[in-house]
Amino acid sequence: MSDTDARDLAYVASGTIPPSPPPSSEVGVVHWLRENLFSGWFNSLLTLAAIAIVVMMVPPIIEWALIDSVWTASSLAECREKGSGACWAVIIERFNQFMFGFYPPEFYWRPILAFLLMFVALAPVLFASVPRQLLWFSLAYPVVAYFLIWGGIGLEPVESRKLGGFLLALIIGVAGIVLSLPIGILLALGRKSHLIFIKTLCVVFIEFIRGVPLITLLFVANNVLNYFFPPGSNIDLILRVVIMVTLFASAYMAEVIRGGLAALPQGQYEAADALGLNYSKSMRLIVLPQALKISIPGIVNTFIGLFKDTTLVVVIGLLDPIGLINNIRADSAWNGIIWEFYAFVGFFFFIACFSMSRYSMYLENKLKTDHR
């Protein structure tokens, strides 16, 4: 070997060797299928059975809901003449009624504006990137929404009995969700209090509310709650329902948050004491932020359950979306339609609940600190 060849021959790498690509079976679609659908013989059988069920059920549903469906008709009989699928014409004809109940059509702009302003009010609460100055509007929004929907201060009043449909479900659901969280936090802290009177009061309230069905509380709101107010006062039925729904959700919320408080290591409480923080500051700055982060799945689950439970108001005569179904079916032109109504109402609730679920996942990922 010449001197030149010896100098050109290197035994140590002069740079970093790039990693080799993983085997094709460990990445991409093949890997995902093996890990999630065909990880064993039993899971493989379940996957094949699920595929068979989907193949048998999905095409007929698509054919009924889309291919053979009828979108323009004035009656069920006309729908059946035009096609054998879903009669979505009834939804189109009664769409405004499903949205607003019997709210005066000339005032539709008021609940629509209240709905749009709701997102403006929620933005600084849900997203940290939104300017904090908008929190003032968030605090004022309930008053603004009340006057927009029910009238007053220059707006013509609208009676509560004219409210219905998804508007009514949103009013009860959003009010219950917004009010139940702070009340639930106070109840959870009260249940862990060392003051025996406050602790007993919170325990009795929580256990009593959790032990009574919501339907029973709605009947109380309809028939009994008015007696607890001063004589001569006539409290609106929707307000009474909101009060009972809020109390019901607050009891469950308190237990969810108490679970978050119990999950915190004792060292967090001791650290707050070591810093010399009083009870208020330790809860506000150290304990509650961590407990609420832990409780996010349970909190959102309670919100979703509360929003779906708004359909129970039909038992006391309020015309929510479910109540409107019976009202519309009483029309001889549409008598006989069932599945289209429930599919439409179910789709609305699915969109609302799925949105809350996705926001919960976004918030959990945003607040994740373990970096795993």
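Contact means heavy atoms within 4.5 Å. This is a predicted model, where local features need pLDDT of at least 70, side-chain atom pairs count only at pLDDT 80 or more, and totals for chains, interfaces and linings use all residues. Residues are numbered from 1 along each chain as its sequence is written, and side-chain values use heavy atoms, with hydrogens and water left out.

**Exercise 1. Describe the contacts and overall form of the chain.**

Step 1. Take contacts between residues at least 6 apart in sequence: 65% join residues at least 24 apart.

Step 2. Find the box: the C-alpha atoms fill roughly 110 × 70 × 45 Å along the principal axes.

**Exercise 2. Analyse the largest nonpolar core.**

Step 1. Define the set: buried (under 20% relative accessible area, 1.4 Å probe, protein chains only) Ala, Val, Leu, Ile, Met, Phe, Trp, Tyr and Cys residues, joined through side-chain atoms within 4.5 Å.

Step 2. Rank its 59 residues: Tyr103, Ile149, Leu163, Val241 and Leu261 touch the most other members.

Step 3. Find the largest share: 13 residues come from helix α12 (residues 237-263). Helices here are DSSP runs (H or I, at least four residues), numbered from the N terminus.

Step 4. Look around Ile149. Leaving out residues up to four places away in sequence, Ile149 touches Arg110 and Pro111, among others.

**Exercise 3. Place Thr47.**

Step 1. Locate Thr47: helix α3 (residues 41-67) holds this residue.

Step 2. Is Thr47 buried or exposed? Thr47 is buried because its relative accessible area is 10%.

Step 3. List its touching residues: Leu37 and Phe38, not counting residues up to four places away in sequence.

Step 4. Check the side chain: one of its polar atoms lies 2.8 Å from the backbone oxygen of Asn43.

Methods: Buried < 20%, exposed > 50% of the residue type's maximum accessible area, 1.4 Å probe, protein only. Helix = DSSP H or I, 4+ residues; strand = E, 2+ residues; numbered from the N terminus. Polar contact = N/O pair within 3.5 Å; in protein donor to acceptor, adjacent residues only side chain to side chain.
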